[in-house]
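Me: Please take a close look at one part of this model for me, the packing around a single piece of it. Keep it relaxed, but go through it step by step.

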Amino acid sequence: MNSRHSTDEIYHDSDAHRQADTVSAKGLFAPGFVNIVLCYISTCTVLLVPLALLFSASYANQEEENLFSHYYYIRTTIALMVIGSCSGGIMIILGADFSTNLILAGLLLTLLTGMLAIARCMKGIAFALMRRSPSSYRSYIL
C-alpha cells in the first residue's frame, strides 16, 4: 500500500499528537488553568494549603485577568480558612475556662469555615474548567 506521507512523517505526527494530549510536569508548575485546579485541590486537602499559597503568591502578578482573578480567589480562600479556624480555635480554648456554649460556637465556626472554603474551591474549579474568572473574586463570600 502506497501513501503520500513517508513513514518518518507518520511517526512524527503521532508522537506530537501523543505529547499534546498529556499534561507535562512543567505544565503543572507553570501559571495556567492546570495549576489553578491543582491549587484548588490542594486547598481542599488542608494539608497542602502551603503549596497552594506558594503557587498563588508566586503567580500573583499575571497579566491575563482570568489567571489573576483565580490566584487572587485562592489567596482569599486561604485567608478565610486561616481567619475562621483561628477564631474558632480561640473560642474553643476560651470556652474551656468560661462556657461550654463558647466551645460549641467555636466548633460551629470552624465547621462553617471549612464548608465555605470547600464551596469556594468547588466554584473555583468549575470556573477554571470553563476558563472564566470567578465572579466577585475579591469577596470573602461565595
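Reply: An axis here is a line fitted to C-alpha atoms, for helices over the stretch in contact, and angles run from 0 to 180 degrees between N-to-C directions. Helices (H or I, at least four residues) and strands (E, at least two) are DSSP runs, numbered from the N terminus.

A word on the ground rules. This is a predicted model, in which local features need pLDDT of at least 70 and side-chain atom pairs count only at pLDDT 80 or more, while totals for chains, interfaces and linings use all residues. Residues are numbered from 1 along each chain as its sequence is written, and side-chain values use heavy atoms, with hydrogens and water left out.

Let's set the scene. The protein has six helices and zero strands, so to read along the sequence is to follow α-α-α-α-α-α. Of its 142 residues, 29% count as buried (under 20% relative accessible area; exposed is over 50%, partly exposed in between, with a 1.4 Å probe and protein chains only). A contact means heavy atoms within 4.5 Å. Among the contacts with a separation of 6 or more, 61% join residues 24 or more positions apart.

The part I'd pick is helix α3, residues 33-45. One partner is helix α6, residues 100-129. The two pack at an angle of about 165°, with their axes 9 Å apart. That makes α3 roughly antiparallel to α6, on a scale where angles under 35 degrees are roughly parallel, over 145 roughly antiparallel, 65 to 115 roughly perpendicular and the rest oblique. Their crossing is left-handed, which means that the near helix is turned anticlockwise from the far one by less than a right angle; clockwise would be right-handed.

Which residues of α3 and α6 make the contact? From α3 come Phe33, Ile36, Val37, Tyr40, Ile41, Thr43 and Cys44. α6 answers with Arg120, Cys121, Met122, Gly124, Ile125, Ala128 and Leu129. By class, that is eleven nonpolar residues, two polar and one charged. For the record, Ala, Val, Leu, Ile, Met, Phe, Trp, Tyr, Cys and Pro count as nonpolar, Asp, Glu, Lys and Arg as charged, and the others, Gly among them, as polar.

α3 also packs against helix α4, residues 49-58. Here the angle is about 150° and the axes are 7 Å apart, and α3 passes α4 in a left-handed crossing. Asn35, Leu38, Cys39, Ser42 and Thr43 of α3 meet Val49, Leu51, Ala52 and Phe55 of α4. This contact has six nonpolar, three polar and no charged residues. Thr43 is listed in the contact with α6 and in the contact with α4.

Those lists contain cysteines, which deserve a look. A disulfide is a pair of cysteine sulfur atoms within 2.5 Å, and a search of the whole structure finds zero of them. Why does cysteine 39 have no bond with cysteine 121? Because the sulfur of cysteine 121, the closest cysteine sulfur to that of cysteine 39, is 10.0 Å away, too far for a bond. Cysteine 39 counts as buried, at 1% relative accessibility. Cysteine 44 is in no disulfide either, with the nearest cysteine sulfur, again that of cysteine 121, 3.7 Å away. Cysteine 44 counts as partly exposed, at 25% relative accessibility.

From α4 the packing carries on to helix α5, residues 65-97. α4 and α5 pack at an angle of about 140°, with their axes 9 Å apart, and α4 passes α5 in a left-handed crossing. On the α4 side of that contact are Val49, Ala52, Leu53, Phe55, Ser56 and Ala57, and on the α5 side Tyr71, Ile74, Arg75, Ile78 and Met81. The split is nine nonpolar, one polar and one charged.

Elsewhere on α5 sits serine 69, which is buried at a relative accessible area of 0%. Leaving aside residues up to four places away in sequence, serine 69 touches Ser133, Pro134 and Tyr137.

Back on α6, alanine 119 is partly exposed, at 30%, and its C-alpha is 7.4 Å from that of leucine 142, 23 residues apart in sequence. The segment after α6 holds arginine 131, with a positive phi near 60° in a residue other than glycine. Serine 136 lies in the segment after α6 too, and its phi is positive at about 45° although it is not a glycine.
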